[in-house]
Each structure stands twice: as C-alpha cells, then as structure tokens.
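User: Please take a close look at the aromatic and nonpolar interior of this model, and then set that part in the context of the rest of the chain. A connected account would be preferred to a list.

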Amino acid sequence: MDSYFGNAVMKLALKADPEEHRVALFVLLLCACIVIGHLLEKSRWINESVTAIFIGLLTGTLILLTTKGRNSRILVFSEELFFIYVLPPIIFNAGFQVKKKQFFRNFLMIMLFGAVGTVISFFIISLGSLHLFKNFDIGFLDVGDYFALGAILSATDSVCTLQVLNQDETPLLYSLVFGEGVVNDATSVVLFKAIQRFDLSHITSSNGIQLLGNFFYLFFTSTLLGVIVGLSSAYIIKKLYFGRHSTDREVALMILMPYLSYMTAELCYLSGILTMFFCGIVMSHYTWHNVTESSRVTTKHTFATFSFVSETFIFLYVGMDALDIEKWKVVGQRPWTSAGVSLILLGLVLVARAAFVFPLSFISNLTRKSQTDKIGFKQQVTIWWAGLMRGAVSVALAYNQFTRSGHTQLQGNAIMITSTITIVLITNVVFGLLTKPIVRYMLSLHDRQIDGIILADSPLKSLNDPLLPGVEDTESDVGGSDIPRPTSLRMLLTTPTHSVHYYWRMFDDRYMRPVFGGRGFVSFIPGSPTEKYIH
C-alpha cells in the first residue's frame, strides 16, 4: 500500500505530468488537512496551521524520496496565485468579521499597537539585521532588501492565540489581539509597498521624508478606495432590491465587489490588502444588513470558508517548500551562516515585539483611570506572545521580495527566503504548540465541557451566533446606545474615543444609514426569502 501511494505521489509530482495531476494531489492534501485538523480539534496542543505544516513537511519528504532528491513540491510558487487568489479572501474576511463595537471602542489602543508598534518593530528588525549581518558572508543584498525584510517579519499572525481566548471572558484582550493583528497586516503591506517604490541605496533626509509621505499616501488613499467601494455596494443592493428577485445576484455582488476593490487598488498602485480590509468593514456595517436573511447566512459562511481554505493552502505550501532542494543546495554551501541568520532574525523578532508592547501598554495605562480598562502585566505578556507567530502575509511578501525574476539561486536571496520559512515554521510549530498552555496559564482560562466533549473557546463562535434564530448581532454597530454624550471640552479630551463614538453614531444614524442602509434602516421587502437557517 505504501509503495503504491509512493508511486502515485511520484507520478503526480513529476514535472512531466499534466498540471491537472498536481492540482488534484494538492486538493487531496487540502482535504486531508481539514479532516485531520478536525480529528485533532480536541487536542490541547495542535492547531490547524501546525497540522497543515506537518502534512506539508511529510508530503515534501515523501516526494523527495520518490523523486530521488529532484523535487519536494507539487506546485511551483506563483506571485499571481498568492496575491490575486490566495491573500484577498484572508484579508477581506478579517475586515468583514471585525467586531466593530469593540474594535472602535478600543480604536486608539489598537492603532497604537497595530500601526505605531508595527513601525517600531519594522525599524528594529531592519536596522538590526543591516548592522548584524555585516559579519556574515550572505551574498549581495542592498539596503532595500533589509528594509523589506523588516516589513516582512513585522507582519504577525495571532490566529493561534485567538483560538484560545474567550471574547466573553476577556473582551478587552480579545479586541486588542484581533484588532492589532488586522491593522498590523495592513501596515506591514503598506510599508513593504512604500519601500519597493524607492531606491534606498543612498538614504538621505529627503528620501526618508518621501518614504514617510508615500506611506501615509498609500494608507489613506487605499482606505478611502475601500470605503468608497463598500458604500457603493451598499447603495446598489439597497436601491435595486436584488433579494426580491434572486438571492444569487446579491450574493454574487457581495463576493465580486470586494475583489473589484482589490484589483482596482492594484491597478492604481495602491495597497489592495488595505483597500479590501476596509471594504470588508464597511460592507459588514451597511451592505450585509441590506441583503435577505438567507444571503446573510450564505455570505458569512462563504467568506469564512474562502479564508480558511486560503490559509490552509499557504501553510501546506510552506511545509513542502521548506524542503525545496534548489534553495537548500545554495544555502548548504554555508549551512552555519544560514542557521546564524535565522537565529538572529528570530531574536530580533522577539526583541522588536517586546520593545513596543510593554512601553506602549505603559503609556496606554497612564491615560486610563479605570482598573478594568488597564492592561495588566499578564495581559501584556499574552499580547507579546500573540504577535510572535508569522503567517500568510509574511510568506507571501517574502516570496515576492526574494524570488523576483527567478533569482532564488542567488545566495543572499536563498538565505533570506529559507530563513523566513524557518522562522514561520519555528513560530507556528514550536510557539504554536505552546500557545494554548501558556495563555491559559497566564489568564487562568479553562476549556468548556459539554456532554463529556472538551471544546476550546473559538473566535469563530461569533460567526454562528448572529445566524441563529432570536440571536442578535450585538457587534453590528460601531457605537452602542450606552455611550454617554460629552458634556464638556474636558470630557472630549479625556475620553476622545467615547466622544467620537457618540458623534459618529449621531452622524451615522442621521445621514449615512438612511442612504446606504444598515441595521434597522432597511424596510422589509415583500416577496423576499425570510427563512432562518440553523447551523
């Protein structure tokens, strides 16, 4: 049986075979990741990303053995595949699933960690690697490569920690970890794109100002484009009453409009990832409430499924690509150099994370009077740990930077891509395995037990709750009815977030929702499907 499976894998993996064979095998592996991940769901240690990486490593090893060391992958990396088809569903779902009430209630803290913290981490990793790698003979890398490396390794993946946290028990911590994660990805990508636009071989003060200006230009224009497309989708669906005639049309429009925003941003040389993220936030606030109930169920699960499959695809590919024989032949000429580079980068990631989490938490605590709103030391450690993992965005940016024009044979590029993959493997496998016991110990969390089955608190709980009959989506509104009205200038200055919430809620209810729809502002459409789905 083993020899039969090995021969089948060898036939499917050979480049001489049709492309359909390799795609079929990869789809089979994706199914295996889902099934095995489900079986290991009760495990205290294993999560789905680790499962996909292990299956990728096992498959890569098997292909190496059956092809006698000629190949370890089924599919060859394609920049178009990653950036046009794989990354967009992940980013859009992150924005679409944002719990807006908590997100905007802690908006200043989230931006402090997600934007300012990412920039601090970026400079520490970039300048640290630029200074420390002078003693290593790693081949030719220009200054732009080091700054790109800083942007690549500043992108975090907090999914492992979110799978452990319970939003009801630790709402502030969950909101900070989730919010920082999505803002961090967007900031890292904008930094990466801003760096690629400039020649950093000769850094001057004018170049620095231009880089900073380009960063803010990309950030705000990309955000504005995402908001415009999101509002356009809400207005079109609200005015044309698609649900009266066909729910398929409104579902199709909700899927295509975000993708249109992404491709438009890329055509305009903006950040498609940032555009799609804010398009997701706007569509979940307005557009989602304009469609029929059955379409809400469909779109929620469709977006989550696309994101889940895309993330599994990336981690599976990383597991196989970690054994890529071509890159290791180049790196193998100086194995200790590659190992030293990986360890230094891992150390810089740990230090850079701590360099902004604890100081920014201290600054944030100074502005908060209530003890319940302050970030305790154990919560700070949890936030630090949550951002140590590297995921899909780091992998995609690394391939984009160090495999351009097919120059993976260059020693410097080969070392950088293998070091990035090594860090992704270490942080997801080693740190990922330790996440559940460490976070539960730090926060004294416990698994919920129902009928003898242990259930880890999952962030996807919020996906299903609003879809059940009688359960309202309490997070749908950016503001809440309990937000006090600012009574003085002092209150406006001391509690700016609550004050902004109050005035935004007034503006939203008076001007935005009557035009673009939203919860409570869409009248019943006669003849539209109203059936409720229970999952």
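Analyst: The account below begins with the interior and then turns to the remaining features.

The model is a predicted one. Its chain contains 22 helices and two strands. Of the 535 residues, 54% count as buried. Among contacts between residues at least 6 apart in sequence, 82% join residues at least 24 apart.

The largest nonpolar core comprises 126 residues, and the residues with the most contacts inside it are Phe26, Leu87 and Ile314. Helix α9, which spans residues 171–196, gives the most to this core, contributing 15 residues. Another core lies apart from it and has six residues, including Leu231, Ala234, Tyr286 and Met512. Within the largest core, Ile314 may be examined more closely: leaving aside residues up to four places away in sequence, Ile314 touches Phe82, Val86, Leu87, Ile90, Ala392 and Val395. Leu87, one of these partners, is itself named among the residues with the most contacts in the core.

Phe26 leads from the core to the aromatic pairs, of which the count comes to 23. The ring of Phe26 pairs with that of Phe313, with 4.8 Å between the centres and 50 degrees between the planes, so the arrangement is tilted. Phe26 belongs to helix α2 and Phe313 to helix α14 (residues 293–321), so this pair ties together parts that are 287 residues apart in sequence. Both rings belong to residues on the buried side of the 20% cut-off: Phe26 has a relative accessible area of 3% and is therefore buried, while Phe313, at 11%, also counts as buried. The pair is part of a wider arrangement, since ring pairs link Phe26, Phe82, Phe313, Tyr317 and Tyr399 into a cluster. Phe82 recurs here, being a member of the cluster and a contact of Ile314.

A second aromatic pair is found in helix α9. Tyr174 and Phe178 are stacked, with 6.4 Å from centre to centre and 5 degrees between the planes. The two residues are four apart in helix α9, and therefore about one helical turn separates them. Tyr174 and Phe178 are both buried.

Helix α9 also takes part in a charged contact. Lys193 forms a salt bridge with Glu266, in which the closest N and O atoms are 3.6 Å apart. Because Lys193 lies in helix α9 and Glu266 in helix α12, the bridge ties together parts that are 73 residues apart in sequence. Lys193 is partly exposed at 22% relative accessibility, and Glu266 is partly exposed at 28%.

The count of salt bridges comes to five. Helix α22 (residues 496–516) holds Asp509 and Arg505, which are four residues apart and so separated by about one helical turn. Their side chains meet in a salt bridge of 3.2 Å, N to O. Asp509 also meets Arg513 in a salt bridge, at 3.8 Å, N to O; Arg513 and Asp509 are likewise four residues apart in helix α22, about one turn of the helix. The accessibilities of these residues are 26% for Asp509, which counts as partly exposed, 21% for Arg505, which is partly exposed, and 3% for Arg513, which counts as buried. Through shared partners, salt bridges join Arg505, Asp508, Asp509 and Arg513 into one network.

A buried polar residue deserves mention alongside the core. Ser154 is located in helix α7 (residues 143–154) and is buried, with a relative accessible area of 2%. Residues up to four places away in sequence aside, Ser154 touches Thr118, Ser121, Phe122, Ile125, Asn184, Ser188 and Arg390.

The surface may be considered last. The chain exposes about 24300 Å², of which carbon and sulfur atoms supply 66%. Val35, Ile36, Leu39 and Leu40 form a nonpolar surface patch with about 340 Å² of accessible area together. Leu39 lies in helix α2 (residues 19–39) and counts as exposed at 63% relative accessibility. Helix α2 thus holds both the exposed Leu39 and the buried Phe26.

Tyr269 is exposed as well, at 62% relative accessibility. Tyr269 sits in the loop between α12 (247–267) and α13 (272–290). Most residues other than glycine have a negative phi. Tyr269, although not a glycine, has a positive phi of about 60 degrees.

Technical notes
Residues numbered from 1 in each chain as written. Predicted model: local features only at pLDDT ≥ 70, side-chain atom pairs only at ≥ 80, totals over all residues. Heavy atoms only, no water. Patch = residues over 30% accessible without salt bridge, like charges linked within 9 Å, V, L, I, M, F, W, Y side chains within 5 Å. Areas by Shrake-Rupley, 256 points an atom, 1.4 Å probe, with all protein chains shown as cover. Salt bridge = Lys/Arg side-chain N within 4 Å of Asp/Glu carboxyl O. Buried < 20%, exposed > 50% of the residue type's maximum accessible area, 1.4 Å probe, protein only. Core = buried A, V, L, I, M, F, W, Y, C linked by side-chain atoms within 4.5 Å. Contact = heavy atoms within 4.5 Å. Phe/Tyr/Trp six-rings, centres within 6.5 Å; stacked < 30°, edge-to-face > 60°.
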